[in-house]
Amino acid sequence: MGKNQTLMKPLSLLLLSLSIGWCAWNISGASLLLFIALVPFFLGLSSISDCHKKNGLIAVLYLLVFKVVWVAGQVYWLKDVTFDTFFAIVLTHSLLFVLILTPSVYFIANKKTNLAIYFLLIGWILFEYLKQSIALLSPFYILGTSLGEYPSIIRGYRWIGIEGGSVWILLVNFFVYKTISSWKDKVQLKKNVINLGITVVVPLLLSVVLSVFKNEGVEKVRVAALHTDFNPVNPYYAEHPDVIIDSLWKLSEGVDRQTELLVWPETVITNLGWMQELHQHAGLDSLQKKIAGYPNLKLVFGANTNTLPTDKTDEKLNYSSEHNFYYYVHNLAFSLDTIGIQYRSKEIFVPFQEEIPYVRTFPFLKKMITVVGNPNYYTQLENDTDVHYTGKGASYLPLLCYEICYPLYTAKATGDVGFIAMMGNEHWNTSEKGSEIYFSILTAIAIQNNCAILKSSNNGISVIMNGQGEVLEKKAFGDTGLIQGIVSVKDGNCLYTYISGYSYLAALILFPVLLFRNRRKKQNNN
């Protein structure tokens, strides 16, 4: 009975933490609950030290259950869209999370609760770095992007980036936990209350002060984005790209004649043919003739193109049973005007949707999991151009959908550009909640990089947003049509561009240092 009572406390606290977390991720306006969602989790971990001889095993199960349910709550909307992807995300994130927290398990087993919590915080920060570095993981649910519903708060930590927002949320949870844990010790309680107050108040004060300074560039660019809602995998569109091109242009005819950049969605042209034949593509020729009537206009759009392989054993190849040949498919952003065409290849693909991670190393995965949302396995095309220019010479970065979810990647990629032109295709996602979370990430990315974002999406949400995360124009879901506005070109790099990755580096240094100090202390005690 005593053992069951001992386990009831951490289990009850775990349930409370997961309930708060689920509300924070799934209820609109409730993301602020993340500042306390981990507190019961920490308290539960500390109480596990009071268990009997198997507290190490209990800690492993505790962490595993926490992460499985936590991630399942984050991606709950995905289960009805594609259960295979939902299951793969929950499994990979949970197992790798527990693996990186091995030191925490060790210190719980040795009844060193403080060290266990320290390593949990460090491990969490490192895990957010791995989410941006390992193809099996996804940065879609980084803590620092979770406050996209509250742009004014994100502006308070824009100088330290989205990673700084994650650290802030973790530290607030930690000091709330320390305050509750020390309520019987008046000296420690006072100390922890002061630390908690500083941790909470300083970023909020910065948010108020910095909101006065817009820090926008002087140069203005007139832009437009087309919001559509059609089935992109319709075979008819693949066989007749000219039909979809003409339809898209007809929808765009209301664009202002002084517009410098018009954006269409990702892979909106599902089959632009072979790369080596683009120079004689009738659809592109017709587009150039249409654009000629607009003196400053450049059109950027997403399309699938193909190339032939030199190695037919590559697991990333697609196969045509009708024509009996293998080929690569590339997801590209094309920038077109009357003079010529530039392209940029998508570099980061959605795991288990656009590609199977590490399929060349583990080819059996291709037989186990089917990509969703499109019929292709994508491959990056080399020799592309990252920075493109509008009709009047303003620089922009053409990003393709999922790429914008990576805070570190965007911090480096936007260093030399004036704004972001983003193409999305959210038609595969039948859950509006997924698109709303995606929009929150977009807001955080714009603020972190002080960079305006022009997004055109097929279904989902299309938007013109300034570098403060403020929405200038917006269309969502079935409300199709053209949005137009004026954005400011980013004038120079922000501070975070130069210090990006600092928290991950600090965590990487602290990880072995704390282990070494604990070992030295243990040796001295012996």
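A salt bridge here is a side-chain nitrogen of Lys or Arg within 4 Å of a carboxyl oxygen of Asp or Glu. This is a predicted model, so local features need pLDDT of at least 70 and side-chain atom pairs count only at pLDDT 80 or more, while totals for chains, interfaces and linings use all residues. Residues are numbered from 1 along each chain as its sequence is written, and side-chain values use heavy atoms, with hydrogens and water left out.

**View 1. Asp479 pairs up with Lys475.** The closest N and O atoms of this salt bridge sit 3.4 Å apart. Asp479 is partly exposed at 41% relative accessibility, whereas Lys475 counts as buried at 17%. (Buried means under 20% relative accessible area, exposed means over 50%, and partly exposed is in between, using a 1.4 Å probe and protein chains only.) Searching the whole structure turns up 12 salt bridges.

**View 2. Glu266 and Lys346 meet across 80 residues of chain.** Their closest N and O atoms are 2.9 Å apart, making a salt bridge. Glu266 comes from the loop between β2 (261–263) and α13 (282–291), and Lys346 from the loop between β6 (341–345) and α14 (365–368). Helices (H or I, at least four residues) and strands (E, at least two) are DSSP runs, numbered from the N terminus. Is this pair buried or exposed? Glu266 is buried, with 2% relative accessible area, and Lys346 is buried too, at 0%.

**View 3. Arg344 and Glu403 belong to a salt-bridge network.** Also linked in that network are Glu347 and Asp386. In the Arg344–Glu403 salt bridge, the closest N and O atoms are 2.9 Å apart. Arg344 lies in strand β6 and Glu403 in the loop between β8 (395–400) and α15 (407–413), so the pair ties together parts that are 59 residues apart in sequence. Both Arg344 and Glu403 are buried.

**View 4. Eight residues, among them Trp70 and Tyr141, line the largest cavity.** The rest of the lining is Lys67, Gln74, Trp124, Phe127, Glu128 and Lys131. This cavity holds about 40 Å³ of space, and it is one of two cavities of 30 Å³ or more in the structure. Helices α4 (55–74) and α7 (113–131) each supply at least two lining residues, with α7 giving the most, at four. On a 1 Å grid over the protein atoms alone, a cavity is a set of points where a 1.4 Å probe fits but cannot get out; a pocket is an open set with protein on both sides within 12 Å along at least five of seven lines; and lining residues have an atom within 4 Å of a point. Grid points are joined across faces, edges and corners, and a volume is the space filled by probe spheres set on the points.

**View 5. The second largest pocket has a 20-residue lining.** Its volume is about 410 Å³. Which residues lie nearest its centre? They are Ser133, Ile134, Ala135, Glu347 and Ile348. Helix α15 gives the most to this lining, with three residues.

**View 6. Phe83, Phe87, Leu91 and Leu95 make a nonpolar surface patch.** Together they offer about 420 Å² of accessible area, worked out by the Shrake-Rupley method with a 1.4 Å probe, where only the protein chains shown count as cover for residues. Phe87 is in helix α5 (residues 83–100). Patches are made of residues with over 30% relative accessible area and no salt bridge, joining like charges within 9 Å and nonpolar side chains (Val, Leu, Ile, Met, Phe, Trp, Tyr) within 5 Å.

**View 7. Cys401 and Cys405 stay unbonded.** Their sulfurs are 7.2 Å apart, too far for a bond, given that a disulfide is a pair of cysteine sulfur atoms within 2.5 Å. By this rule the structure has zero disulfides. Cys494 is in none either, with the nearest cysteine sulfur, in Cys451, 8.8 Å away. Cys401 is buried at 10% relative accessibility, and Cys494 is buried at 8%.

**View 8. Asn324 has a positive phi, near 55°.** Asn324 sits in the loop between β4 (318–320) and β5 (325–336), where it is exposed, with 56% relative accessible area. Tyr358 also has a phi near 55°. Tyr358 is found in the loop between β6 and α14 and is partly exposed, at 37%.
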